[in-house]
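Hi everyone, thanks for making time. I'd like to walk you through one structure today, so let me put it on the screen.

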Amino acid sequence: MMARPGIATAGGGWASFNAAMTRVLALESFPLANADAVVNRARAGDPEAIEQIFEAFQVPVYNLARRICRTVEDAEDVLQDTFLEVAKSIRRYRGDGSLWAWIRTIASSKALMRLRRNKYRDADELHDEFMPSRRDEGHLRMDLEAALERLPEMSRAVVWLHDVEGYTHSEIGEMMGKSVSFSKSQLARAHARLRRWLGEEVPA
Amino acid sequence: MTHLTMEQLLSARDPVSSPGTQQANGHLESCAACRAELDRLHQRTAQLKALPMLRPPRNRWPQVRAQLVARRRTRRMTVSGIGGFALAASVALFYLAGSWTPSVGEAEAQEAIATAIAQSQVLENALGQYRPEHRVTDGRTALVISGLETEIAEVDRRLQLAEMRQRQDDAVLRLWRQRVGLMDALVSVHLTRATNAGL
């Protein structure tokens, strides 16, 4: 098989970087001193232990919630709901994966639940109403933060869960109660939009 | 030349191969535009991962803690309610069956337990009126409340065990009286706080 010119250096470099970033984010990058002891105390119902877990993980949980939910208030509610669930279910945490991975799954589910409950107007056509027409897009350049914010809720959630948090399409489909192909097509549409809005689209 | 769609580019990007990935890889070998597009996709993903961590605008722990306390109180009231119901039901059953007449000592113990349960429920109701989960307390008061809550939880755990063993003896009476004492202290703490804060 021929070597792919360019990919091994440029694309390959970014791929390695992304893989490394995903591993860093998936690991215990939010340390909790004496995690095992704290978890054991939390299992016994010690409120101080729950508070320690809250202090250690509140920022990544909020960040995930805020990236998925439309408003600050929703993200704060997800933060609260997540730690209430953590306190309630800590006995079921078996310790076979990282504590952050377990909490992150709870937070993701709560954030997706909030999206469904709020029944945001997520129709793509509707969202496009607020975007400039294709003809004007030559002048449009958003920064990534703003472009991400403007994606429809489900697309944004898929982008964040897949590209940043490292969930597979299968896991995302399961969390959303949708199919793998739903997750894949949402990701593709989201990236096509981001590319356009960021002014990265190359004319054919 | 037809270039790769976004879905095909994403398939080529992800390490887990899916149908069409091989074909997409084949195209990438010969198409500089699609390779550049794939590179931009990698860059965009890297930029997403590098976005700053968003921090909560305020400390949400007091609300979480208040909800946990409220949940614990609900459990306590359930235990208290179940205790009272179980006691009444068992006494009624024995009397209705006519097969058992409690001795004077046992009858007194049961009456005393019923009284303690009723007192406990009155105190739970009084505590509910202060809606402590919606109040801000200083650190020292919160510590006292937390200590009392923990002691009550332990008494409740032992009462639950006694319920499971269908015990209605002096030990159970002592537990219920201990519970009443602790609940009384808890209500007093909240009453003092409410008086001082004017709430």
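A quick definition before we start: pLDDT is the predictor's confidence in each residue, on a scale from 0 to 100. We need it here, as what you see is a predicted model.

Let's take chain A to begin with. Its mean pLDDT is 81, with 73% of the residues at 70 or more. Where is confidence lowest in chain A, and where is it highest? The low end is helix α6 of chain A, residues 124–129, with a mean of 47. The high end is helix α8 of chain A, residues 153–164, with a mean of 96.

Two stretches of chain A also stay under 50: residues 1–11 and residues 132–140. Beyond four places in sequence, the model has 15 contacts for residues 1–11 and five for residues 132–140. Where pLDDT is low, the predicted coordinates should not be read in detail.

Now a single residue, Lys88(A), which sits in helix α4 of chain A, residues 72–89. Buried or exposed? Lys88(A) counts as exposed, because it has 12 C-beta neighbours inside 10 Å, and the cut-off for exposed is 12 or fewer. Its C-alpha atom is 9.2 Å from that of Gly45(A), although the two residues are 43 apart along the chain.

Last, the interface. Here 42 residues of chain A are in contact with 34 residues of chain B. On the chain B side, the elements giving two or more residues are α1 (6–13), α2 (21–30), α3 (32–49), α4 (61–97) and α6 (139–164). The largest share comes from α3(B), with 14 residues. By type, that side of chain B has 17 nonpolar, seven polar and 10 charged residues.

Key
Residues are numbered from 1 along each chain as its sequence is written. Chains are lettered from A and ligands numbered from 1 in the order in which they are written. This is a predicted model: local features need pLDDT of at least 70, side-chain atom pairs count only at pLDDT 80 or more; totals for chains, interfaces and linings use all residues. Helices (H or I, at least four residues) and strands (E, at least two) are DSSP runs, numbered from the N terminus. Two residues are in contact if their C-beta atoms, placed from the backbone, lie within 7 Å. A residue is buried if 20 or more other C-beta atoms lie within 10 Å of its own, exposed if 12 or fewer, and partly exposed in between; C-beta atoms are placed from the backbone. Ala, Val, Leu, Ile, Met, Phe, Trp, Tyr, Cys and Pro count as nonpolar, Asp, Glu, Lys and Arg as charged, and the others, Gly among them, as polar.
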